[in-house]
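Let's take a walk through this structure together, going from the way its parts meet to the place where a ligand sits. Please have the viewer open as you read.

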Amino acid sequence: MSFGSGRVWMNGRLVDWKDATIHVASHVVHYGTGVFEGARCYQTPKGSACFRLDAHVARLLDSGKIYRMESPMDQGAWETAILETIRANSLKACYIRPLMYRGYSQLGVNPLPCPIDTAVLVWEWGAYLGDDATEKGVDVCVSSWNRAAPNTFPAAAKSTANYANSTLIKMQAVLDGYAEGIALDTLGYVSEGSGQNLFIVRRNVVYTPPVHSSILGGITRDSIITIARGLGYDVREEVLPRELLYLADEAFFCGTAVEVTPIRSIDKVAIGSGRRPVTEAIRQTFFDIINGELPDTHGWLTFVYPDEAHLRERSAEAARAR
Ligand code: PMP
């Protein structure tokens, strides 16, 4: 199911992709009054599984709470809707986009009279920054656009409005020949990419900007911190001055879309020697959990087709018994 086909979940109903439309007078179209998520479903040896589905739905509800959007569905109902949408499209692996937005009623700025509409889109989506990004690493720049100041656009909310800033960062980077831009916060400290968090490694210590550096608290970031600490690395959430980017031995982006993508250069300054032992160890562990090479000890996987997982488990048991 590529982008542009299949079934879309809208306000409790599955509709054809072409019918998943909203009125142009919907509040969200004019004022960016939506909150959303991006999650992934992976094909694992035990069947298709969503990575940290519960955390993504929890963040969606948190984003809604910040914007005074009371979700018409609770945590469990959202998780069910997402799993149903993947099943309705018979997908093995996909990107998942749940969305909650202020719909059609009136067009004053006050969103409160407008209904809260819900949708779930799913589609197959491969490597976000290009197929060879994982191998070669990406060339990025520091953006001349900053992340929004605290107490302006809340960074903790994954709100559609925040992505106006992200598109400025992304367009500038792409038009200047870079794969991505790294934004600083309004104090000049390192924040994050247009749609991903950032880690650097220096002298075997792993650093990432803290939540008060205007970042979205990424679920991949959280997973990476857990994985890196589990591997024995010293991981520090610290305010990072821009110049530390250039002095890094390794740097990488992480996020649902980019997964773990190494950075080769920043502002044309080569990162380290080009060797990436720490990034590789972390990346490998991340994918080993998804690929079933390592046990899912953190309970990060939610199986989409439980019967399938059950059947595979039984046939593996049978094979072992033989
Ligand atoms: N920062 C921004 C601005 C993002 O859009 C994303 C993607 N949701 C991330 C960080 C990474 O978050 P996650 O790991 O939860 O996908």
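A good place to begin is the meeting of two parts: 23 residues of domain 1 are in contact with 21 residues of domain 2. Keep in mind as you look around that this is a predicted model. To find the two parts in your viewer, colour residues 7-123 as domain 1 and residues 133-290 as domain 2. Their C-alpha centres lie 26 Å apart.

How much area is buried between domain 1 and domain 2? The value is about 1800 Å², and carbon and sulfur atoms give 62% of that area.

Now for the polar side of this interface. Eleven residue pairs, both members at pLDDT 80 or more, are in polar contact between domain 1 and domain 2. On the side of domain 1 that touches domain 2, at least two residues come from each of strand 3 (34-36), strand 4 (39-44), helix 2 (53-66) and strand 6 (94-102). Helix 2 gives the largest share of that side, with five residues. Sorted by class, the side of domain 1 that touches domain 2 holds twelve nonpolar residues, along with seven polar and four charged ones.

Charged groups also pair up here, as two salt bridges are found across the interface of domain 1 and domain 2. If you would like a salt bridge to display, pick the side chains of Arg40 and Glu259, which meet at 3.6 Å, N to O.

Let's turn to the ligand. It is surrounded by 16 residues, and the closest are Tyr163, Glu192, Ile219, Thr220 and Thr256. Which kinds of atom does the ligand meet in these residues? The side chain of Tyr163 places an N or O atom 2.4 Å from an oxygen atom of the ligand. Thr256 also uses its side chain, with an N or O atom 2.6 Å from a ligand oxygen. For Ile219, a backbone N or O atom lies 2.7 Å from an oxygen atom of the ligand.

Terms used
Residues numbered from 1 in each chain as written. Predicted model: local features only at pLDDT ≥ 70, side-chain atom pairs only at ≥ 80, totals over all residues. Heavy atoms only, no water. Domains from an automatic or database assignment. Contact = heavy atoms within 4.5 Å. Buried area = accessible area lost by both parts, 1.4 Å probe. Salt bridge = Lys/Arg side-chain N within 4 Å of Asp/Glu carboxyl O. Polar contact = N/O pair within 3.5 Å; in protein donor to acceptor, adjacent residues only side chain to side chain. Helix = DSSP H or I, 4+ residues; strand = E, 2+ residues; numbered from the N terminus. Nonpolar A, V, L, I, M, F, W, Y, C, P; charged D, E, K, R; others polar. Near = heavy atom within 4 Å.
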